[in-house]
Amino acid sequence: MSERTSERTLLMIPGPIELDPEVLRAMARPQLGHMDPEVARAFGRVLTRAREVFLAPSAQPFVIAGSGTLAMELAVANIVDPGERAVVVSTGYFGDRMRAILERLGARVEEVRAPLGEVPDLSAVERALAAQPTKLCAVTHVDTSTGVRAPVEAVARLAQAHGALMVVDGVCAVGGEELRQDAWGVDVCLTASQKALGAPPGLALVMAGPRALAARRAKKVQVASLYLDLLEWLPIMEGYERGAPQYFATPPVNVVLALHVSLGQLLGEGVEARFARHGRMAAAFRAGCRALGLALLPARDAIAASTLSAVYYPAGVDASLVGRVRAEGIAIAGGLHPEAKAKYFRVGHMGAMQASDVLAVVGALERALASGGHATSLGAGLAAAQAVLAERREARP
Ligand code: PMP
């Protein structure tokens with residue numbers, strides 16, 4: 001029986017995520033219009049801040065009402081013409097989605113797949129790129145179905161060497177995982193507001209570098225959807241950044257205000273500190289899991305994401321664990337990868353997540369395992385997670 005007395009639930013799924021109170025207050029603001037001077041200022045600053053978050057001074061930001069899937073469509077629909085070739089480097093469910101999007105656009109897609117829990121073999125990526133002229137190469141930075149982090153910098157180097165534009169799905173990564181869009185030669189990086197950027201769902205973000213915009217301008221076939229055409233949006237984004245708002249399609253105003261706050265917080269912490277904090281939280285969570293005898297889906301720590309963890313249920317435990325953790329006041333997610341969906345669960349640790357949240361979820365897991373009859377040494381996971389959190393704190397200057 002749960003001892004919960006409150007509706008309050010700690011949201012530890014891999015997005016949307018727990019929000020900072022200041023971000024929530026932006027959502028509760030009275031409705032303002034999308035041309036309101038305050039909204040225009042905030043929108044303009046969201047665009048400017050996005051360049052700093054993605055470490056992409058050369059890129060043109062696009063912030064458009066929609067989810068991460070829209071961002072994926074925007075990224076590739078503006079580059080690829082029917083019949084052109086695309087290489088999709090896939091580590092799971094969202095790589096498959098990118099393939100489906102590209103196929104709808106009439107691209108010839110070659111997929112380089114990683115085995116479950118592994119990263120793609122770079123020599124296979126190189127062979128695929130070298131085989132035929134390729135318009136673009138797409139990779140998912142962190143596939144949310146596996147918790148595996150792909151080697152984006154290395155894949156981008158290969159794409160560049162073979163003349164392909166590099167597209168990175170950073171939906172479950174940007175704002176938490178190290179990403180240096182310009183320095184790594186990434187032509188388009190995309191994300192959505194509801195993950196490591198720390199805002200509610202509702203906005204798609206696409207950062208298009210100069211080569212990607214040139215490819216849009218050189219497209220032979222018109223972008224089939226008006227809403228998906230970045231050239232329709234370009235004057236709107238430029239207008240907001242100049243402080244001269246124009247209308248094309250109504251943005252979710254309060255989500256823009258909330259993202260303005262959350263990006264301000266992100267940059268206040270600093271992107272490098274942010275990468276380090278996410279790495280620390282993830283390491284503490286993994287240590288807690290291992291001490292409870294739980295195995296992680298990523299094959300090695302070096303390729304395990306900092307933004308979420310995918311963890312196998314131990315023998316004799318099934319997906320009802322997710323419900324028992326929920327009864328302890330913490331929302332986590334079940335599996336997603338079609339090959340192993342029923343065998344693992346996922347915990348997000350991104351955005352405003354702090355040590356106390358990681359400890360809360362490890363503690364809830366311990367109790368949920370024990371209440372399900374699994375032999376669990378209460379406190380073992382907590383001790384291991386605490387050791388990582390404390391050790392890192394001592395290591396700080
Ligand atoms: N790519 C990745 C890596 C994701 O994690 C997600 C969402 N979980 C998406 C794309 C799609 O985003 P959305 O659900 O916002 O459409």
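Reader: How much space lies in the largest cavity?
Author: In this predicted model, local features need pLDDT of at least 70 and side-chain atom pairs pLDDT 80 or more, while totals for chains, interfaces and linings use all residues. Residues are numbered from 1 along each chain as its sequence is written, and side-chain values use heavy atoms, without hydrogens and water. The whole structure holds 4 cavities of 30 Å³ or more (sets of points on a 1 Å grid over the protein atoms alone where a 1.4 Å probe fits but cannot get out). The largest cavity has a volume, the space filled by probe spheres set on its points, of about 90 Å³.

Reader: Which element gives the most to the lining of the largest cavity?
Author: The lining (residues with an atom within 4 Å of a point) of the largest cavity has 16 residues, and Phe43, Trp233, Ala249, Thr250 and Pro251 are the closest to its centre. Two or more lining residues come from each of strand E2 (60-65) and helix H9 (230-242), as DSSP runs of at least two residues for strands and at least four for helices. With 4 residues, the top contributor is H9.

Reader: In which pocket does the ligand sit?
Author: A pocket is an open set with protein on both sides within 12 Å along at least five of seven lines. The ligand's pocket has a volume of about 230 Å³. Its lining counts 18 residues, with Phe94, Thr144, Val171, Gln194 and Lys195 nearest its centre. By the criterion that more than half of the ligand's atoms lie within 2 Å of the grid points, the ligand sits in the second largest pocket.

Reader: Which element gives the largest share of the shell around the ligand?
Author: The shell (residues with a heavy atom within 4 Å of the ligand) has 14 residues, and the closest are Ser67, Gly68, Thr69, Thr144 and Asp169. H3 and H4 each supply at least two residues of the lining of the second largest pocket, and with 3 residues H3 gives the most there. In the shell around the ligand, the largest share, 3 residues, is again that of H3.

Reader: How far is a polar side-chain atom of Lys195 from a nitrogen atom of the ligand?
Author: A backbone N or O atom of Gly68 lies 2.7 Å from an oxygen atom of the ligand. Asp169 places a polar side-chain atom 2.7 Å from a nitrogen atom of the ligand. For Lys195, the distance from a polar side-chain atom to a ligand nitrogen atom is 2.8 Å.

How values were computed: Polar contact = N/O pair within 3.5 Å; in protein donor to acceptor, adjacent residues only side chain to side chain.
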